Amino acid sequence: MTQIYLHNTLKQRKDLFVPIDEKNVRMYVCGPTVYDKAHLGNAKTPVVYDVLYRLLCYVYGKDHVTYVSNITDVDDKILNKHKQTGKPIQEITQETYNWYIEDMAKLNVLSPNYRPRATEYIQEMIELVKKLIENGHAYESQGQVLFDVDSMPNYGYLSNRSMKEMIAGARVEVADYKKNPADFILWKPSEADQPGWDSPWGYGRPGWHLECSAMSSKLLGNDFDIHGGGSDLIFPHHENELAQSCCAYPGTHFAKYWVHTGMLMINGVKMSKSLGNFYTVDEILAKNPAEALRLLFLTTHYHQPFNFTFEGLNEAKKILDKFYNALLKNEDIPVQKAEPSQKIIEALADDLNTPLALSYIHEDVNALNKAETPEERKTLKAQLLADAYMLGLLYNNPSSWFKRTDDDSSEIDALVQKRLEAKKNKDWATADAIRNDLKEKGIVLEDGPDGTTWKRI
RNA sequence: GGCCGGUUGGCAGAAUGGCUUAUGCAGAGGACUGCAAAUCCUUUUAUAUCGGUUCAAUUCCGGUACCGGCCUCCA
């Protein structure tokens, strides 16, 4: 069986992945808060875990992997959106959820086994808080329930920070209802016009971290294999999830492997609305193929910061043009089932080395382009597609890759026909004029042994 | 201030204690083509800096500089 290595934040190094139960490999990845359209960073993380999910399915079998990615649909950001727009909360969350699912589909992200919503697990969260109070890890103060960090001697071990440092940071919210400034909210009261649920502590709503503890426990158990998310979540979100879960269920360890993806930057700086370099997935995909964005995400190792540039996106598109050219030339060859090559698997098993894996896809494409016999083509095409599947690439139809839905084929075909006439008469001036006119419209003509074909580049 | 990560050719981006250090884009030359495009062949260019360990370091260790992230909501 393939040995998978993953960078484990708990150990701050690469770690051999040994599932708790290889018949039931379990992964939980923090999903979006549904208050606004997904931005590029929101898309990069699920693409990365999609590759990991594909790898786990390959190694352990699809039926032996459970992948959970949550939807946060109760949060103050949603509340703020409601205040700003006047739109009902339900509408905001549902609409944003739908956009997110559309984006994920375009990026060829496989559906997780579960996409639980926080609001569907309120009872579980209340139970969790009760347990924490019972176990002496939480206390009520001025209508809120807080986690008592002093009750957990090793609090801070995931993010590798000590209480001293956190207080020295002096940016921790100091509030008189907290015993320790680092204590965080488990449950807080809601106004009558705010979303809330009845609880032993009155009408209120959960703190941010609670849902992941409750949902992962319910869907995956108290101990599971992989917990993922962006590296910005390590503290405080994941640290606090870990604290809640371990303290609520003594003797359990929560996630065994913590995997974090590097942040996305735009032209070398952090993406932020105030800097004006903020891009939603939606607006990028309006003008660029989703597959190019997906490929671009995979050109950098997931653990590194990822620098988004439009040059990079164009380069990704050109690479796909090359890949689809090879497939287009072999469109008549029937698709054969094949296993992914060992080197692709090895690259991915080594802490998801997608850049190295991509270099093997290039090798596959080069080999296919050089293939001479139909048998060779058949084998190499199958190999390419099987390898690309592991990265979730080459899922488009090769001929539609080079066309646009609004292209008027008959008009272009007529021009091609006209040019063929000119060529027959050796009227090169007319022939070239037609070629150049089309080129200006982004259409490239290719003269081959079987006639002329056109592509949109 | 604390904690983390990074610095590889014109650009993107892997890998590695020694051997010809990937892969892609761009550039150069060639084949093919009426000309192109696509494809194929050939090819130029790199390991921030200073020390240490070592027979040997881009790779290991330490210092310095610079960049980024987190410490507050964030994928």
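Select Asn366 to begin: in this predicted model, the residue is partly exposed, with a relative accessible area of 31%. Asn366 belongs to helix H12, which spans residues 354–370. Keep Asn366 displayed and add Leu380, 14 residues apart from Asn366 along the chain. A distance drawn between the two C-alpha atoms should read 9.8 Å.

Next, select Ser341. This residue is found in the loop that lies between helix H10 (310–329) and helix H11 (342–349). Is Ser341 buried or exposed? Its relative accessibility is 12%, and because the limit for a buried residue is under 20%, Ser341 counts as buried. Show the surroundings of Ser341 as well: leaving aside residues up to four places away in sequence, Ser341 touches Gln383 and Asp387.

The tour now turns to strands. Select strand E7, residues 184–189, together with strand E6, residues 144–147. The two run antiparallel and are joined by three bridges. Strand E8, residues 204–206, is also antiparallel to E7, and three bridges join this pair. Which residues stand opposite Trp187 of E7? In E6, the residue to select is Val145; in E8, Pro206 stands opposite Trp187.

Aromatic rings are the next stop. The structure holds 13 aromatic pairs. One of them is formed by Tyr28 and Phe224, a tilted pair with 6.4 Å from centre to centre and 55 degrees between the planes. Tyr28 lies in strand E3 (residues 25–29) and Phe224 in strand E9 (residues 223–230), so this pair ties together parts that are 196 residues apart in sequence. Both Tyr28 and Phe224 are buried.

Select Phe254 and Trp258 in turn. Their ring centres are 5.7 Å apart and their planes stand at 50 degrees, so this pair too is tilted. Phe254 and Trp258 are both buried. Display the four residues together, since Tyr28, Phe224, Phe254 and Trp258 form one aromatic cluster.

The tour ends with two places where a charge meets a ring. Select Lys37 and Trp99: the charged end of Lys37 sits over the ring of Trp99, at 5.0 Å from the ring centre. Then select Lys179 and Tyr139. Here the charged end of Lys179 sits over the ring of Tyr139, and the distance to the ring centre is 4.6 Å.

Definitions and conventions. Residues are numbered from 1 along each chain as its sequence is written. Chains are lettered from A and ligands numbered from 1 in the order in which they are written. This is a predicted model: local features need pLDDT of at least 70, side-chain atom pairs count only at pLDDT 80 or more; totals for chains, interfaces and linings use all residues. Side-chain values use heavy atoms; hydrogens and water are left out. Helices (H or I, at least four residues) and strands (E, at least two) are DSSP runs, numbered from the N terminus. Buried means under 20% relative accessible area, exposed over 50%, partly exposed in between (1.4 Å probe, protein chains only). Contact means heavy atoms within 4.5 Å. Two strands pair if DSSP finds at least two bridges between them. Rings of Phe, Tyr and Trp (its six-membered ring) pair if their centres lie within 6.5 Å; planes under 30 degrees apart count as stacked, over 60 as edge-to-face and the rest as tilted. A charge sits over a ring if NZ of Lys or CZ of Arg is within 6 Å of the ring centre and within 35 degrees of the ring normal.
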